[in-house]
Amino acid sequence: MKASRRSDVDPFRAMDVLAEANRMIERGEPVISLAVGQPAAPAPRAARMAADAHLTRGRIAYTDALGRMDLRERIARHYEEAYGVDLDPARVMVTTGSSAGFNLIFLAAFDPGARIAIASPGYPAYRNIIRVLGLEPVEIPVGVESRYVFTADHLAAAHEERPVDGVLVASPANPTGTVTPPEELKRLIDYADEHGIRFISDEIYHRLAYTGGEATALAFSDAPFVVNSFSKYYCMTGWRVGWLVLPPEMVRVAERIGQSLYISAPELSQVAAKAVFDATDELDRVRDGYAKNRDLLVEALPRLGFRDIAPIDGAFYAYAAIPEGHASASEFARTLLAECHVAMTPGIDFDLTRGEGFVRLSYACDHADLVEAVRRMEAHLAR
Ligand SMILES: Cc1ncc(COP(=O)(O)O)c(C=O)c1O
């Protein structure tokens, strides 16, 4: 049977590295993975206890398609506490991870063929979700010249060349860790609002900015779609729960689509998610661990010969050009995995044109593991 034309999207190649690393681990080889974008820490204790208590009561059911009201209210309160933004809980929709949130936005706000601007390098699922839904990704190269920040000038140049219908910006970003300065975020949103471009702000790495400068798009306008998740700072990847803040006129639209696509996000995860807003001490300790890992890489990467290193301002990624003398990032990553048992992600996942010169290292791991990974790389690269 023939697959549909729109299903012809790239694989997530990081998963191939991961599969090989897992095979090696199963064979008892001492692999350290810097390949996956997920916290090594478990969900906070408060979340696990809330889930436990709910499980004991027994009934786990569908919720409203927009999510449990107590969680939507708690998320709205978070905007007041964290950003001083007054948010009506009616605009919050709980989703099955931010991944489901993207589907809902693209379906609610765009017709087939719409053009969506995204930064390259960028999170590969953006390109794939946009394509699979019959929209067109417009990939805009960013690099050292703008500190890997996707700027309003980038957006204006693309829009003037051929109009775009939407723009998706992540700050902090994956794979570069770049934080968009608040004044640049405002310029982007102002440009989008003035030109009728829908602005989507991926804020999944919020609370993981190490040099400050984190702002929510909602501080500047009510027009953007905001995407967030409990996966990263909150350490709940496998619980599959995230949220959207929608422009008021889009709430009912997203609700109607969500009712049919997903019915609701898992109730047990929603109950656990509400409790993590009270686990800040525990989560900040995890974040402090990332900050320590970041400091180690800031010092070690140039010494190891990595070049064009993205600013490492936020999230838990370092993105850098591979040391000279290696044919490609795929080859470099394969060699490091085979010879020093350190797994990292070749940049080709994130940037189809320039990615073979770059790798992404995730430092959401234990500090001792990162120290050992750096030691092994150093010994290998000095050869
Ligand atoms: C930038 C970015 N957005 C969204 C996601 C999706 O996360 P989730 O569906 O777990 O919320 C990821 C996952 O790595 C990501 O890096």
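Start by selecting Cys235, which sits in the loop between strand S7 (225-229) and strand S8 (242-245). Helices (H or I, at least four residues) and strands (E, at least two) are DSSP runs here, numbered from the N terminus. You are looking at a predicted model, where local features need pLDDT of at least 70, side-chain atom pairs count only at pLDDT 80 or more, and totals for chains, interfaces and linings use all residues. Residue numbers run from 1 along each chain as its sequence is written.

Back to Cys235: its phi is positive, about 60°, although it is not a glycine. For background, most residues other than glycine have a negative phi, and most peptide bonds are trans. Cys235 counts as buried because 24 other C-beta atoms lie within 10 Å. The cut-offs, with C-beta atoms placed from the backbone, are 20 or more other C-beta atoms within 10 Å for buried, 12 or fewer for exposed, and partly exposed in between.

Now jump to Ala315, in the loop between helix H10 (280-303) and strand S9 (317-321). Ala315 is another non-glycine with a positive phi of about 60°. Is it buried or exposed? With 31 C-beta neighbours inside 10 Å, Ala315 is buried.

Next, the cis peptide bonds. Pick Ser120 and Pro121, joined by a cis bond with omega about 5°; Pro121 is in the loop between S3 and H5. Then pick Ser171 and Pro172, where the bond is also cis and omega is about -15°. Pro172 belongs to the loop between S5 and helix H7 (182-194).

Color helix H5 (residues 124-132) and show Pro124, Tyr126, Arg127, Ile129 and Ile130, which are buried. Those buried residues pack against H4, strand S3 (115-120), strand S4 (136-141) and strand S5 (166-170); contact here is C-beta atoms, placed from the backbone, within 7 Å. Just after H5 comes Gly134, with a positive phi near 80°.

Add H4 to the view. The axes of H4 and H5 come within 10 Å and cross at roughly 40°. Axes are lines fitted to C-alpha atoms, for helices over the stretch in contact, and angles run from 0 to 180 degrees between N-to-C directions. That crossing makes H4 oblique to H5: under 35 degrees is roughly parallel, over 145 roughly antiparallel, 65 to 115 roughly perpendicular, and the rest oblique. Which residues make the contact? Ser99, Phe102, Asn103 and Phe106 of H4 meet Ala125, Ile129 and Ile130 of H5.

Stay with helix H4 (residues 97-109) and turn on the ligand: H4 gives the most to its shell, three residues. Of the 13 residues around the ligand, Gly97, Ser98, Ser99, Ser229 and Ser231 come nearest; to be near, a residue needs its C-beta atom, placed from the backbone, within 6 Å.

Ser146 is next, in the loop between S4 and helix H6 (152-161). It counts as partly exposed, with 15 C-beta neighbours inside 10 Å. Draw a C-alpha to C-alpha distance from Ser146 to Leu135: 27 Å in space, for 11 residues in sequence.

Finish at helix H11 (residues 329-340) and helix H12 (residues 367-381), which pack at about 105° with their axes 11 Å apart. That makes H11 roughly perpendicular to H12. Show Leu336, Glu339 and Cys340 of H11 with Arg376, Met377 and His380 of H12, the residues that make the contact.

Methods: Two residues are in contact if their C-beta atoms, placed from the backbone, lie within 7 Å.
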